[in-house]
Amino acid sequence: MTRRRILVINPNSSASVTAAIDEAIAPLRIAGGPVIEVVGLAEGPPSISSQRDADSVVMPLVSRVSRDDADAFVLACFSDPGLHAVREAAGGRPVMGIAECGIFRALMLGERFGIIALSPSSIRRQQRMARVWGVDNRYAGSWSVGASAAETAGADIRGRLIEAGRALVTQYRADVVVMGCAGMASHRAAIEEAIGVPVVEPAQQAVAVAIGAVLLNA
């Protein structure tokens, strides 16, 4: 019997970010579970830092999903670019956005969530997300680290990520912190230990939801 497969797509073209996502979801590759494949998007920009960047990958994502036979898909960018268009292209197969899954997981862990953001333009998109999803009353705010997605995958930025997480807790009164870029994945445990509140890595959460959807045919 052919094992079912989940395709995780990093919508930017950064190989280091794709590698960080692949490493983050490794614990979810369980015996007897779906095959989990992580790929980048060659047509994507090096980093999705603006709304224009996010919009530019919608049709390439639609094309990639429409020609793939995976049982479920994860869009591994915190902008959830083209989420609804990709769901149409998937023809009823589950499509998970990491921001949607990460934020709704955070709501289960605390009363107020904050987001570590890449840039000021990322913050504006996150504010819109919270408003559109009706969770702005529990959104403490976002704190920018002023970095690209590729930079967040490296070791040098960890201190800045910890500072941002600590500011969300002490200044914005967040009791859960969400990592606002899939490239940050390898830093989750260190940030959580340093700031003393739960830290959500959204790619892991989205893949976990996708596994459940595939195994339950839901």
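# Notebook: pockets, sheets and cysteines

**Largest pocket.** I began with the largest pocket, whose volume comes to about 340 Å³. I note here that the model I am reading is a predicted one. I counted 14 residues in the lining of this pocket, and those nearest its centre are Gln51, Ser79, Asp80, Met129 and Trp133. I then looked up which elements give two or more residues to this lining, and found α2 (51-56), α4 (83-89) and α6 (120-132). The largest share, four residues, comes from α6. I sorted the lining of the largest pocket by class and got six nonpolar, four polar and four charged residues.

Where does the largest pocket lie with respect to domain 1 and domain 2? I found that domain 1 (5-97 + 203-216) and domain 2 (99-201) both give residues to its lining, so the pocket lies between them.

**Aspartate 80.** I stopped at aspartate 80, one of the residues nearest the centre of the largest pocket. This residue sits in the loop that runs between β3 (72-75) and α4. Its phi is positive, about 45°, although aspartate 80 is not a glycine. I checked its exposure as well: the relative accessible area is 7%, so aspartate 80 is buried.

**Arginine 173.** I looked up another residue with a positive phi that is not a glycine, and noted arginine 173, at about 60°. Arginine 173 belongs to the loop between α8 (158-170) and β7 (176-179). Is arginine 173 buried or exposed? I read 56% relative accessibility for arginine 173, so I entered it as exposed.

**Largest cavity.** I searched for cavities of 30 Å³ or more and found one. The largest cavity holds about 140 Å³ of space. Its lining has 18 residues, and I wrote down the closest to its centre: Ile48, Cys77, Phe78, Leu118 and Gly180. I saw that α6 gives the most to the lining of the largest cavity, with four residues. By class I recorded ten nonpolar, seven polar and one charged residues for this lining. Domain 1 (5-97 + 203-216) and domain 2 (99-201) both give residues to the lining of the largest cavity, so I placed the cavity between them.

**Cysteines.** I looked for disulfides next. How many disulfides does the structure hold? I found zero. Cysteine 77, which I had listed among the residues closest to the centre of the largest cavity, is in no disulfide. For cysteine 77 the nearest cysteine sulfur is that of cysteine 181, 7.1 Å away. Why is cysteine 181 not bonded to cysteine 77? The sulfur of cysteine 181 has its closest cysteine sulfur in cysteine 77, and 7.1 Å is too far for a bond. I checked the exposure of both residues: cysteine 77 is buried at 9% relative accessibility, and cysteine 181 is buried with a relative accessible area of 7%.

**Open sheet.** I traced an open sheet of four strands in the order β6-β5-β7-β8, with parallel pairing. At its edges I found β6 (139-144) and β8 (199-200). Each of these edge strands has a single partner strand, so one side of each is left without a neighbour in the sheet. I followed the pairing of β6 with strand β5 (residues 113-117), which is parallel and runs over five bridges. Which residue in β6 is the bridge partner of isoleucine 116? I found tryptophan 143 there.

**Strand β1.** My last stop was strand β1 (residues 5-10). Six of its six residues are buried, so β1 is largely enclosed by the rest of the structure. I sorted its side chains by direction: Arg5, Leu7 and Ile9 point one way, Ile6, Val8 and Asn10 point the other way, and all are buried. I then looked up its pairing with strand β2 (residues 35-40) and found it parallel, over six bridges. Opposite isoleucine 6, in β2, I found isoleucine 36.

I took leucine 7 of strand β1 for a separate check. Its relative accessible area is 0%, so I marked leucine 7 as buried. I also compared leucine 7 with proline 34: the two are 27 residues apart in sequence and 9.9 Å apart in space, C-alpha to C-alpha.

Notes
Residues are numbered from 1 along each chain as its sequence is written. This is a predicted model: local features need pLDDT of at least 70, side-chain atom pairs count only at pLDDT 80 or more; totals for chains, interfaces and linings use all residues. Side-chain values use heavy atoms; hydrogens and water are left out. On a 1 Å grid over the protein atoms alone, a cavity is a set of points where a 1.4 Å probe fits but cannot get out, and a pocket is an open set with protein on both sides within 12 Å along at least five of seven lines; lining residues have an atom within 4 Å of a point. Grid points are joined across faces, edges and corners, and a volume is the space filled by probe spheres set on the points. Ala, Val, Leu, Ile, Met, Phe, Trp, Tyr, Cys and Pro count as nonpolar, Asp, Glu, Lys and Arg as charged, and the others, Gly among them, as polar. Domain bounds come from an automatic or database domain assignment. Two strands pair if DSSP finds at least two bridges between them. A disulfide is a pair of cysteine sulfur atoms within 2.5 Å. Buried means under 20% relative accessible area, exposed over 50%, partly exposed in between (1.4 Å probe, protein chains only).
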